[in-house]
Amino acid sequence: MNYLLLTFFVYGICTSLSISATDCKKNYVKCQNGLQCVYHGFLCDGGNDCDDQSDEDEDFCIANRCQDGYVKCKDNLQCVRAIGLCDGDYGCRDNSDEDQDFCRATKCKEPYVKCKDGLQCVHYAFKCDGDYDCRDKSDEDEDACKATQCGEEFVNCKDGLQCIFHVDLCDGYNDCRDKSDEVPEFSKATICPNEHVKCKDDIHCVPLYGLCDGENDCIDASDEDLDFLQK
Ligand SMILES: [Ca+2]
Ligand SMILES: [Ca+2]
Ligand SMILES: [Ca+2]
Ligand SMILES: [Ca+2]
């Protein structure tokens, strides 16, 4: 069987790229020129990776199925990451990943949530984190943030507007706009997230599974201190 024929059977359709397991390493495929191997994620991604541009060949891309986690743009040619749909950044050359009608009708995939405009999806951890992520700035809306319960592993800043990772309490960097995360008294009064307990310093929270596991999770190593834990 000649090589072209084999390619035909592999794809079931004529394609301009050929797979040669012997020559390219895993997850890489040969360009049509037979000289170059490119990562399979670079096929039909909108950028030329093969010197002969065969990775973006129209006929090939129309027939190409996107990798797991990737979806086709409206042009039926380009593959973009599924989490890039309606994320506020243009990934498709034809801009279809941010098309207003499409995004309005699209449900965000967990853990992403819709901005107030109903168009954009942002990671839920970016709600009330102190930075604008929604184009309409609704992720930092004061009233909404005050009413928002911080997610798992997060704690409220003193102003009640912002959620930060509990590990950012008293870590030497200001994470809260009101800087309350670096005030020891405030951190001491902060309740740890579920399944977490305070270290001896009364500031930092560590997960229950970190107690007596032979590794220091508390800065003061109190999670491995039997005397402290027995109290
Ligand atoms: Ca490419
Ligand atoms: Ca996008
Ligand atoms: Ca934000
Ligand atoms: Ca901090």
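**Tyr124 and the overall organisation of the predicted model**

In the predicted model, Tyr124 lies in the loop that runs between strand E6 (121-123) and helix H4 (142-147). With 18 other C-beta atoms within 10 Å, Tyr124 is classed as partly exposed, because a residue counts as buried only if 20 or more such atoms lie within that distance, and as exposed if there are 12 or fewer. When its neighbours within four places in sequence are left aside, the contacts of Tyr124 are with Pro111, Tyr112, Val113 and Gly151. Asp139, which is 15 residues away from Tyr124 in sequence, is placed 9.0 Å from it in space, as taken from C-alpha to C-alpha.

The protein as a whole contains 6 helices and 10 strands. Its radius of gyration is 25 Å, well over the 17 Å that the globule rule gives for 231 residues, and the protein is therefore more spread out than a compact globule. Along the principal axes, the C-alpha trace spans about 75 × 45 × 25 Å. Of the 231 residues, 26% count as buried, and among contacts with a separation of 6 or more, 20% are made by residues that are 24 or more positions apart.

The largest nonpolar core comprises 13 residues, and those with the most contacts inside it are Val38, Cys44, Cys61, Cys73, Leu77 and Val80. At least two residues of this core are supplied by helix H2 (58-63), and at least two by strand E4 (79-81). For Val80, the contacts that remain once neighbours within four places in sequence are left aside are those with Tyr70, Val71, Cys73, Gly91, Cys92 and Asp97. Apart from this core lies another, of 11 residues, which includes Cys145, Phe154, Ile164 and Cys176.

Confidence in the prediction was examined alongside these features. The mean pLDDT of the protein is 87, and 90% of its residues reach 70 or more. Among the elements, helix H3 (residues 100-105) has the highest mean pLDDT, at 96, whereas helix H1 (residues 3-11) has the lowest, at 38. Over residues 1-16 the pLDDT is below 50, although this stretch has 13 contacts in the model beyond near neighbours in sequence. Predicted coordinates should not be read in detail where pLDDT is low.

Technical notes. Residues are numbered from 1 along each chain as its sequence is written. Chains are lettered from A and ligands numbered from 1 in the order in which they are written. This is a predicted model: local features need pLDDT of at least 70, side-chain atom pairs count only at pLDDT 80 or more; totals for chains, interfaces and linings use all residues. Helices (H or I, at least four residues) and strands (E, at least two) are DSSP runs, numbered from the N terminus. Two residues are in contact if their C-beta atoms, placed from the backbone, lie within 7 Å. The radius of gyration is taken over C-alpha atoms; the globule rule is 2.2 Å times the number of residues to the power 0.38. A nonpolar core is a set of buried Ala, Val, Leu, Ile, Met, Phe, Trp, Tyr and Cys residues joined through C-beta atoms within 7 Å. pLDDT is the predictor's confidence in each residue, from 0 to 100.
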